[in-house]
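Student: I am new to this structure. Could you take me through the charged side chains and their pairings, step by step?

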Amino acid sequence: MYTKNVKEINTLITNYFEGIFEGDIKKLEICFDEKAHIYGDIKNTDYLKNINEYLNGVKSRQSPKDLNETFKMETIGIDIMGKIAMVKLHVPMLGYNYYDYLSLSKIGDNWKIVNKIFTHVE
């Protein structure tokens, strides 16, 4: 069961990375629960959006792929306990050095991001 959960979470992370790197909203939509919120700190500026606002922001910006950036995103850690998990990611893109913490929950048969917090580190 643990191995299956790790595989499913890694698939979700791959879709998440590809979604934000390519600006692929469809890939991102399947990653997030419809009630998810995103909280962040970008150079001391607070960032708070619901999932729809976040997806619209990704949709309206130029993607890192379109800007010919090199894909450097990586998983730092995954902690799974039952039907919940925490994922720590390094997401350098668009001139920022982001670190994301994703709270996941297994809803029905699928892992979903229920909350995202992130920060930019100089």
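Tutor: What follows is a close look at the salt bridges, then at a lysine without one, and finally at the largest pocket.

Keep in mind that this is a predicted model. Start with the general idea. Side chains of opposite charge can pair when their charged atoms come close. How many salt bridges does a search of the whole structure find? The search gives five. We will look at some of them.

Begin in helix H1, which covers residues 2-22. Here Glu 8 and Lys 4 form a salt bridge, with N to O at 3.7 Å. The cut-off is 4 Å, so this pair falls within it. Both residues sit in H1, four residues apart. That spacing is about one turn of the helix. Now check their exposure. Glu 8 has a relative accessible area of 23% and is partly exposed. Lys 4 is also partly exposed, at 48%.

Glu 8 has another partner. Which residue is it? Lys 106 forms a salt bridge with Glu 8, and their closest N and O atoms are 3.0 Å apart. This pair links distant parts of the chain. Lys 106 belongs to strand E5 (residues 96-107), while Glu 8 belongs to helix H1. The two are 98 residues apart. Is Lys 106 buried or exposed? Its relative accessibility is 12%, and buried means under 20%, so Lys 106 counts as buried.

Put these pairs together. Lys 4, Glu 8 and Lys 106 are linked in a network of salt bridges. Glu 8 takes part in both pairs, with Lys 4 and with Lys 106.

Next, move to Lys 27. This residue is found in helix H2, residues 25-31. Lys 27 forms a salt bridge with Glu 18, with the closest N and O atoms 2.4 Å apart. A polar contact of 2.4 Å also joins these two side chains. Both partners are partly exposed: Lys 27 has 23% relative accessibility, and Glu 18 has 25%. Which residues does Lys 27 touch, leaving aside those up to four places away in sequence? They are Asn 15, Glu 18, Gly 19 and Glu 22. For a sense of distance, take Phe 71. Lys 27 and Phe 71 are 44 residues apart in sequence. In space, their C-alpha atoms are 17 Å apart.

Now for a contrast. Lys 112 lies in strand E6, residues 110-120. Lys 112 is buried, yet has no salt bridge. Why not? The nearest side chain of opposite charge is Asp 33, at 7.0 Å, and a salt bridge must be within 4 Å, so the two do not pair. What does lie by the side chain of Lys 112? The backbone oxygen of Ile 30 is 2.7 Å from one of its polar atoms. Lys 112 also touches a list of residues farther along the sequence than four places, including Leu 12, Phe 32, Asp 33, Ser 103 and Ile 107.

Finish with the largest pocket. About 250 Å³ of space lies in it. The pocket is lined by 16 residues, and those closest to its centre are Tyr 47, Tyr 54, Arg 61, Met 93 and Tyr 98. Several elements give two or more residues to the lining, among them H1, E5 and E6. Strand E2 (45-50), helix H3 (51-60) and strand E4 (84-93) do so too. The largest share, three residues, comes from H3.

Technical notes: Residues numbered from 1 in each chain as written. Predicted model: local features only at pLDDT ≥ 70, side-chain atom pairs only at ≥ 80, totals over all residues. Heavy atoms only, no water. Buried < 20%, exposed > 50% of the residue type's maximum accessible area, 1.4 Å probe, protein only. Contact = heavy atoms within 4.5 Å. Polar contact = N/O pair within 3.5 Å; in protein donor to acceptor, adjacent residues only side chain to side chain. Lys, Arg positive; Asp, Glu negative; His and termini not counted. 1 Å grid on protein atoms, 1.4 Å probe; cavity = no way out; pocket = protein on both sides within 12 Å on 5 of 7 lines; lining within 4 Å. Points joined across faces, edges and corners; volume = space filled by probe spheres on them.
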